[in-house]
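Here is my note on the structure. Please keep the model open while you read.

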Amino acid sequence: MEWTVGLGDRGVTLGLSDPAQLWWPAALLLVMVVLYGLAVRHLAETAVLAAGIAVATTAVVIAARGHQPQAVAGATLLTAGLAASAWALGRASRRRAARRRAQAAHRAGIRSVPGFAADTERLRLATELHDTLVHRLTGIVVGLSAALRLRDQDLLARAMRNAGEAGRLAVTELDALATGRPVPVEPAAVDALVAAWPQPGLSYTNTAGRMPPPVAALAYQVVREALTNTARHAHGGRARVVIEERRHGLLVTVTDEGGSALGGPEGGQGLRGLATVVAARGGSLTAGPRGRGWRVRAVLPLSGEEARTPIRSWRGARAADHALVLLAVALSLGSMLLPGRLPRVTGEQVIVLAPLLVLHALPLAWRRRAPGPALAMALAVHPLLLLWPVQHPGDVFLTGCWVELTLVFTLAAVRRRASLPASLAVTVVAAATLTTGPGAASGALLTLLTAALATAVWGFGLAAGAAGARRHAADARERAVLAGRATAATLSERERVAAGLRESVATRIRTVAATARAGCPETTLAEARAALAVLRQVLATMRDPVGGDDPPPTLPGIAALAARHGVCARYTGIRRDLPAATEVTAFLAAQAILPHEPTVSYLPAGVTVSGSAGHDARRRLRELADVAGGRMTRSDGGVRVWFPA
């Protein structure tokens, strides 16, 4: 078996010196077709195993036919390079098909985003109403009822002062909810809440060294909800509140001595809504019986983003770059090891030349991150080859110039018009290598062809970059339009809810505040009970299930999807928009984890979805990670799937 390719005195030669040896190229072509099909239809590991078998088989067959070890090494290296290329092409085709399906699902699903934005705003308002107004009115009712029952004038005076202050704050909070203005919560708000609690027997311990305002607001909501449920359901209203800082966050625990927080519909809905709020901010909340009483326990993160090590996967887009490196080494060094006209070198000379050929191929590995320096490094190898006394450097350039052309294309697509010197640099190096030594005439012609090819590749790169920029701009415009529609739907729903609150609840709450200032405890109690009853009716209508449409296949849509299964979706990290295909794939991963609670973590390099999963779910998650170029890991009985952005 002899392979001929080179630049000699009579011109360029390329081919097999013995036509009877065509079985080997045919076998290589068949192997590439099979590996491509496997990479398109199966997991990356399956195709890699098949590629390894193909390479090993090639080495055994070539050696069995009696060829020299140098020829066996060259054939094996060529097979490995071509197999890696077929694998990378198949993987790219698999990812593109999955991306197209995900984008189609995203376009079909985002039509429901405005409706879900309105539903989300309504449910948020219901949670806020429960956490603020229900708490205020419940405190008024519980305090005045106890004072009137005990006929204690000091306790009654304190209850009336609390009723007046609670009524005033309730009016302020109702106005803030109607206008969308957040009510600021100070770090000491929990201390003030406990100090103003109308019932005796409340124990409070706060050893937290630091409590940022957002965390303080969340702790305030947890304590307020738990104490409200204690007042409504626990016998005697005795409770213990403990806030302490742990390594994993702020721990808030509220325990009472009897009764159930789920004794009424509002308590259960309040805890479920609060659990959703806590989970959306990266924390967790659990509630359940403990001894004779009830315990609410919340873990609140003190930082906005979990510290995680960067995640990498060999299945993603960078795998194609590494496959290109292997192909470049195989075509240059592998063909050099085969017997034929290119080149006539000894094994010792190959050992010296091989590092330069590897150095020429390595820049392909970081062509996406730094195409300019990568091209400069590849071109810098050719002046070193001019010093090689055995082999004509033009032969090496011919077998490896596609490396420079690939880098020119990438540079033009990324840097756009600033990449013009790239094609000129390739032309200069081509002239220096192809016109040196024998065959200078044909080398000049090849230099002109190289210049034309480099210019054409540069133009194609510009066109590809411009097309990509247009796609990104169109996606940005679509996201902006969708965000505008969602914002409009949210404002419309807020105004609708506010109008209903003004008609049904606001007047009664103002009456409660007015009668408390006038010093009429019985009337204040009656008005507070009436306002509380009306508010419960309003909350019952606001907590209707989310509309009949499926949740949009986005990362925020995972929360609605989890709510339909009666669990909370936990979010960590700094939220941001991710590519449509990434969001849809993560949504499908969360769907596979349900009905277990999914955790969505935003990372600089993408997003992870984690949770408990059975055998079938793990198989589905492994497939989703594979087509997205991500990775699935297992730990502590659960799974964690990373999807790159």
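1. Start with a term. A patch is made of residues with over 30% relative accessible area and no salt bridge (a side-chain nitrogen of Lys or Arg within 4 Å of a carboxyl oxygen of Asp or Glu). Nonpolar side chains (Val, Leu, Ile, Met, Phe, Trp, Tyr) are joined within 5 Å, like charges within 9 Å. Here, V358, L359 and L362 form a nonpolar surface patch. Together they have about 180 Å² of accessible area (Shrake-Rupley method, 1.4 Å probe, only the protein chains shown counting as cover for residues).

2. A word on the source. This is a predicted model: local features need pLDDT of at least 70, side-chain atom pairs need 80 or more, and totals for chains, interfaces and linings use all residues. Numbering runs from 1 along each chain as its sequence is written, and side-chain values use heavy atoms, without hydrogens and water.

3. Now the whole protein. It has 18 helices and 12 strands (DSSP runs: H or I of at least four residues, E of at least two, numbered from the N terminus). Of its 645 residues, 51% are buried (under 20% relative accessible area, 1.4 Å probe, protein chains only; exposed is over 50%, partly exposed in between). The protein exposes about 30,000 Å², and carbon and sulfur atoms supply 60% of that.

4. Back to the patch. V358 lies in helix α10, residues 347–361. V358 counts as partly exposed because its relative accessibility is 31%.

5. Is T450 buried or exposed? T450 is buried, because its relative accessibility is 12%. T450 sits in helix α14, residues 440–518. A polar atom of its side chain lies 2.8 Å from the backbone oxygen of L446. Beyond neighbours within four places in sequence, T450 is in contact (heavy atoms within 4.5 Å) with F397, V426, A430 and L434.

Conventions. A polar contact is a pair of N or O atoms within 3.5 Å; within protein, one must be able to donate a hydrogen and the other to accept it, and residues adjacent in sequence count only if both atoms are side-chain atoms.
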